[in-house]
Amino acid sequence: MAGTDRRSSEASETVPQIVRTPDTLGGDPRIEGTRIGVAHVYQRYVKGDDTPEEIATGYDIPVAAVHAALAYAFANPEEMEAIRAAERQTREDIETLTPE
């Protein structure tokens, strides 16, 4: 029929949002509804050879969520570096406290 909007409600899935909550991942940005941090997605993308589709499959999330996380990460490179630095410091602290 002419003039009829034939888009399916299934096809209009919303893009996952990037959120922060103090009690999840230490307040670092994450994909809403998950405990998957933006930094985790970003690191897999830039440090590995994973495509957004492979990352999505690995985390069992929509590809749109991966793209949202990557968009956030690329828009906030200083924040991504600060998160990486904090993770490195935590690893160093654990190694210092762990007896051999």
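## A walk from the strand loop to the helices

At a relative accessibility of 22%, Leu25 counts as partly exposed, because buried is reserved for values under 20% and exposed for values over 50%. That makes Leu25 a handy place to start our tour of this predicted model. Leu25 sits in the loop that joins strand 1 and strand 2. Its backbone deserves a look too: phi is near 55 degrees, a positive value in a residue that is not glycine.

What does Leu25 touch, once its neighbours within four places in sequence are left aside? The partners are Arg30, Arg35, Ile36, Gly37 and His40. For one of these, Ile36, there is also a C-alpha separation to check in your viewer: 8.5 Å from Leu25, with the two residues eleven positions apart along the chain.

Thr24 belongs to the loop between strand 1 (18-19) and strand 2 (30-31) as well. Is Thr24 buried or exposed? Its relative accessible area is 11%, and because the cut-off for buried is under 20%, Thr24 counts as buried. Not counting residues up to four places away in sequence, Thr24 is in contact with Arg30 and Arg35. Both arginines also appear among the contacts of Leu25.

Now let us step back to the whole chain. Two strands and four helices make up its secondary structure, and the order from the N terminus is β-β-α-α-α-α. Of the 100 residues, 27% are buried. The chain exposes about 7100 Å², and carbon and sulfur atoms supply 52% of that area. Among contacts with a sequence separation of 6 or more, 44% link residues 24 or more positions apart.

Helix 1 is a good next stop. Which of its residues are buried? They are Val38, Ala39, Val41 and Tyr42. Looking down the axis of helix 1, you will find these buried residues within an arc of 160 degrees, so they line one face of the helix. Their packing partners are strand 1, strand 2, helix 2 (52-59), helix 3 and helix 4 (77-97).

One of those partners, helix 3, can be followed in detail. The axes of helix 1 (residues 38-47) and helix 3 (residues 63-75) come within 9 Å of each other and cross at roughly 90 degrees. Because crossing angles of 65 to 115 degrees count as roughly perpendicular, that is the description that applies to helix 1 and helix 3. On the helix 1 side, the contact is made by Val38, Val41, Tyr42, Tyr45 and Val46. Helix 3 contributes Val66, Ala69, Leu70, Tyr72, Ala73 and Phe74. By class, this contact has eleven nonpolar residues, with no polar and no charged ones. Val38, Val41 and Tyr42 are also among the buried residues of helix 1.

We can finish at Asp60, in the loop between helix 2 and helix 3. Asp60 has a positive phi of about 55 degrees although it is not a glycine. Its relative accessibility is 70%, and since anything over 50% counts as exposed, Asp60 is an exposed residue. Leu25, where we began, also has a positive phi, near 55 degrees, but counts as partly exposed.

Terms used
Residues are numbered from 1 along each chain as its sequence is written. This is a predicted model: local features need pLDDT of at least 70, side-chain atom pairs count only at pLDDT 80 or more; totals for chains, interfaces and linings use all residues. Side-chain values use heavy atoms; hydrogens and water are left out. Buried means under 20% relative accessible area, exposed over 50%, partly exposed in between (1.4 Å probe, protein chains only). Contact means heavy atoms within 4.5 Å. Accessible areas come from the Shrake-Rupley method with a 1.4 Å probe; for residues, only the protein chains shown count as cover. Axes are lines fitted to C-alpha atoms, for helices over the stretch in contact, and angles run from 0 to 180 degrees between N-to-C directions. Angles under 35 degrees count as roughly parallel, over 145 as roughly antiparallel, 65 to 115 as roughly perpendicular and the rest as oblique. Ala, Val, Leu, Ile, Met, Phe, Trp, Tyr, Cys and Pro count as nonpolar, Asp, Glu, Lys and Arg as charged, and the others, Gly among them, as polar. The arc is that of the directions from the helix axis to the C-beta atoms.
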